[in-house]
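User: Hey, got a minute to walk me through this one? I'd like to go over the side-chain contacts and the overall fold.

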Amino acid sequence: MATYFKLAALCMAAAVAASAALPAQAQKIGQAPVGAPVVPQSHSVEQADARLADVARDRAAVQAEYNAAEQVCNGKFFVNNCLDKAKEKRRQALAGLRAIEVEASHFKRKTAVDKRDAELAERVKKDEEELARRVENPPAPHVEREPAKPAAKPGPTLEQRQAQHDAKVQAQQAKDAAEAPKRAAAVAAFEKKKLESEKRQADIVAKKAVKDEKARKREADAAAQAAKEAAAAAAKAAKAK
């Protein structure tokens with residue numbers, strides 16, 4: 001932890017020197033602004049990942065040290081002065097860690113963009129080379145040849161056509177005869193299902209009628225009971241007068 005606090009202090013000192021040496025208008029995009037900690041540049045994605053992991057670990061350690069310092073300050077007489085020093089120490093340490101984090105993240109993004117641009121340029125180059133090759137060496141035109149027509153065969157005679165027709169008729173008759181029991185069974189099954197469906201519908205109608213009649217009777221009984229109770233109440237009220 002002491003190593004990263006020293007690093008933060010060095011970053012702050014380097015930032016002050018950089019702000020004195022360079023005017024604000026001379027800064028370029030991607031460089032640290034004047035007054036910000038300056039850190040060495042990353043040279044590989046692996047190094048950037050390692051720096052980001054260190055930043056996450058050290059940031060937690062900085063916060064833990066501040067929490068401990070805060071507990072100590074709360075027991076002192078000059079609490080605010082002690083807390084201000086602890087906060088400033090934490091701020092400087094976090095500023096250094098933030099500078100490392102920004103540089104590593106920027107390096108990773110730039111590396112990814114450069115890789116994507118290089119791949120795109122390579123694809124464009126290959127496409128252009130392929131197009132140039134096709135222009136220089138166009139493929140030979142393909143001429144489709146008509147398939148040779150088979151020699152015409154003599155058609156069937158009248159007797160052969162009649163025999164073929166008779167054979168088809170006999171085959172259809174045999175098929176119809178073989179499928180007749182199956183069709184009859186299918187018709188019987190259909191009729192049975194129809195009767196069962198009609199019976200279920202009749203049962204449903206009958207049950208609904210019974211249910212409706214019971215409901216009507218309950219309503220009638222309830223109305224009669226209410227009328228009876230109303231009449232009794234009226235008679236009691238008249239008798240009370």
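**Side chains and helices**

Analyst: Sure. R90 lies over the face of Y66, 3.9 Å from the ring centre. A charge sits over a ring if NZ of Lys or CZ of Arg is within 6 Å of the ring centre and within 35 degrees of the ring normal.

User: What kind of model is this, and how are residues numbered?

Analyst: This is a predicted model: local features need pLDDT of at least 70, side-chain atom pairs count only at pLDDT 80 or more, and totals for chains, interfaces and linings use all residues. Residues are numbered from 1 along each chain as its sequence is written, and side-chain values use heavy atoms, with hydrogens and water left out.

User: OK. How many helices and strands are there in the protein?

Analyst: There are 4 helices and 0 strands, and the order from the N terminus is α-α-α-α. Both kinds of element are DSSP runs numbered from the N terminus: helices are H or I with at least four residues, strands E with at least two.

User: What about α4, what span does that helix reach?

Analyst: Helix α4 covers residues 158–240, which is 83 residues, and reaches 118 Å from its first C-alpha to its last. That is close to the 123 Å expected at 1.5 Å a residue, where the expected span is 1.5 Å times one less than the number of residues.

User: Where is the kink in α4?

Analyst: At E179, shortly before the proline P181, and the kink is about 40 degrees. The bend at a residue is the angle between axes fitted to the seven residues ending there and the seven starting there.

User: Switching to charges. How many salt bridges does the count come to?

Analyst: 17 salt bridges, each being a side-chain nitrogen of Lys or Arg within 4 Å of a carboxyl oxygen of Asp or Glu. One of them joins R51 and E103, at 3.2 Å from N to O. R51 lies in helix α2 (residues 45–74) and E103 in helix α3 (residues 79–136), so the pair ties together parts that are 52 residues apart in sequence.

User: Are R51 and E103 buried or exposed?

Analyst: Both are buried, with E103 at 14% relative accessibility. Buried means under 20% relative accessible area, exposed over 50%, and partly exposed in between (1.4 Å probe, protein chains only).

User: And what does E103 touch?

Analyst: Leaving out residues up to four places away in sequence, E103 touches V39, P40, Q41, S42 and R51. A contact here means heavy atoms within 4.5 Å.

User: Got any salt bridges inside one helix?

Analyst: R91 and E88 both lie in helix α3, 3 residues apart, about one turn of the helix. Their closest N and O atoms are 2.7 Å apart. R91 is partly exposed at 43% relative accessible area, and E88 is partly exposed at 33%.

User: Which residues are linked in a network of salt bridges?

Analyst: D54, R57 and D58.

User: And aromatics?

Analyst: The structure holds 1 aromatic pair. The rings of F77 and F78 have centres 4.9 Å apart and planes at 90 degrees, so the pair is edge-to-face. Rings of Phe, Tyr and Trp (its six-membered ring) pair if their centres lie within 6.5 Å; planes under 30 degrees apart count as stacked, over 60 as edge-to-face and the rest as tilted. F77 is exposed at 74% relative accessible area, and F78 is exposed at 61%.

User: Last one: how much of the protein is buried?

Analyst: Buried residues make up 11% of the 241 residues.
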